[in-house]
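Good morning, and thank you for joining this group meeting. Please take a moment with the sequence and the structure before I begin.

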2 protein chains.
Amino acid sequence: MSLPKLQIALDNNTLSEALQSASMVADAVDIIEVGTILCVAEGMEPVRCLRSLYPNKVIVADTKCADAGGTVARNCRTAGANWMTVICSATVPTMKAALTEMEDIQVELYGNWTFEEAKLWQGAGLNQVVYHQSRDALVAGETWGEKDLNKIRKLTEMGFKVSVTGGLELETLELFKGIDVFTFIAGRSIRDAASPFEGAMKFKAEINRIWGE
Amino acid sequence: MSLPKLQIALDNNTLSEALQSASMVADAVDIIEVGTILCVAEGMEPVRCLRSLYPNKVIVADTKCADAGGTVARNCRTAGANWMTVICSATVPTMKAALTEMEDIQVELYGNWTFEEAKLWQGAGLNQVVYHQSRDALVAGETWGEKDLNKIRKLTEMGFKVSVTGGLELETLELFKGIDVFTFIAGRSIRDAASPFEGAMKFKAEINRIWGE
């Protein structure tokens, strides 16, 4: 089992705030995500700026693309993103069209997706998924539970690289012990720390402690 | 049965192209949509520009929002949008959060949504849906058929305002005769016409011919 990576989600509302957040944590994380909120607020400019500032980091454009996969992916790639996300309810042709334009595509799991669909994605060449607790569902009181862990385990056993996100705190990581998580995606819990850099380093240390044995 | 409205989808890649398209057709359409491609490419700037240029038009930000509904909707409203779209696989809390920030929210129907879910959306106060043929699915050879028309009819009978989109040509409108369509959304078939204004006016005339009797 390899060490899960750490991804910072820049779910800021403005380019300037995102660049500030990135400047504080970039050295401590493996992957920088331009969050959906930021993509919709500022377009591809944050991707272009982050690419110029961090030429060697993996950058994900979290577009949650639902249609016109080829065009959206081309725009993301041109701006400098390595990966892009598509929503699970997109059609397989949309996902395939996106994949032809990018290094890699991540399928964002929301709502009532099925493992049968996951097999179709795999058949189309998609090998990354993002398992979510929706931010709004978390606010409405949902939490990580055994049903989530079972699904994540099953997806890893199918061969997917599974990224995990949604209300992740330092204390939450232990829940995933023994599961071959590809990446933990954290946003506020790092960005809102007194020192975001130290916040990120604590996540890295905890990942090392749990998966590095 | 009231007359279906006409919506132009600005699925351009750049702000300048979108403003050019809008300038040619705005007078002929009821609703201007900032398409997903454009939102992701240019952020909310197209919404701000279109609001300033067309203060009395309904503007839809087609974000296909999947999460953080309240934040994304607030950004869309602040930029000047009247309506915003959410993807059907978003959680109901995401949809409700979006609805608190906007005049109205449209649920975009992709993938394996169910009528049971549609009832939940309705219970949460959502009364608009957008029925799609995915652009990528159309390219892959799918077309409008009786199964689509039956679903659209059922949604209207449930009380939804149903907008219809995806590969709509002038000749396609006749298919929907007798169905209480709220809005037809057209993009390329208008934008790529020799005269986009005349293209839009032909759609309006055809809508009048079929639904205006």
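I shall speak first about a barrel and one of its strands, and then about enclosed cavities.

Please keep in mind throughout that this is a predicted model.

Let me begin with chain B. Its eight strands form a closed barrel in the order β1-β2-β3-β4-β5-β6-β7-β8, and the pairing is parallel. From one strand to the next, the twist averages 25°.

I should like to concentrate on strand β1 of chain B, which covers residues 5–10. Is this strand enclosed or open to the surroundings? Five of its six residues are buried, so β1(B) is largely enclosed by the rest of the structure.

Which strands pair with β1(B)? One of them is β8(B), residues 183–186, which pairs with β1(B) in the parallel sense over four bridges. Within that pairing, Q7(B) has I185(B) as its bridge partner, and I8(B) has A186(B). The other strand to mention is β2(B), residues 31–34, which runs parallel to β1(B) and is joined to it by four bridges. Here I8(B) appears again, with I32(B) as its bridge partner in β2(B). Between β1(B) and β2(B) the chain passes through helix α1 of chain B, residues 15–25, and this β-α-β crossover is right-handed. I8(B) thus has a bridge partner in β8(B), namely A186(B), and another in β2(B), namely I32(B).

I turn now to the cavities. As a general point, rolling a probe the size of a water molecule over the atoms shows where empty space is left. How many cavities of 30 Å³ or more does a search of the whole structure find? The search finds two.

The largest cavity has a volume of about 60 Å³. Thirteen residues line it, and those nearest its centre are S89(A), N112(A), S89(B), Y110(B) and N112(B). By class, this lining comprises six nonpolar, five polar and two charged residues.

The second largest cavity holds about 30 Å³ of space. Its lining consists of T36(A), V40(A), T63(A) and K64(A) from chain A, with T63(B), K64(B), C65(B) and A66(B) from chain B. Two or more lining residues come from each of α2(A), residues 36–42, β3(A), residues 58–65, and β3(B), residues 58–65. Which element gives the largest share of this lining? That is β3(B), with three residues. By class, the lining of the second largest cavity has three nonpolar, three polar and two charged residues.

That concludes my presentation, and I welcome your questions.

Key:
Residues numbered from 1 in each chain as written. Chains lettered and ligands numbered in written order. Predicted model: local features only at pLDDT ≥ 70, side-chain atom pairs only at ≥ 80, totals over all residues. Heavy atoms only, no water. 1 Å grid on protein atoms, 1.4 Å probe; cavity = no way out; pocket = protein on both sides within 12 Å on 5 of 7 lines; lining within 4 Å. Points joined across faces, edges and corners; volume = space filled by probe spheres on them. Nonpolar A, V, L, I, M, F, W, Y, C, P; charged D, E, K, R; others polar. Buried < 20%, exposed > 50% of the residue type's maximum accessible area, 1.4 Å probe, protein only. Pairing = 2+ DSSP bridges. Right-handed = clockwise from strand over helix to strand, strands pointing away. Axes fitted to C-alpha atoms, helices over the stretch in contact; angles between N-to-C directions.
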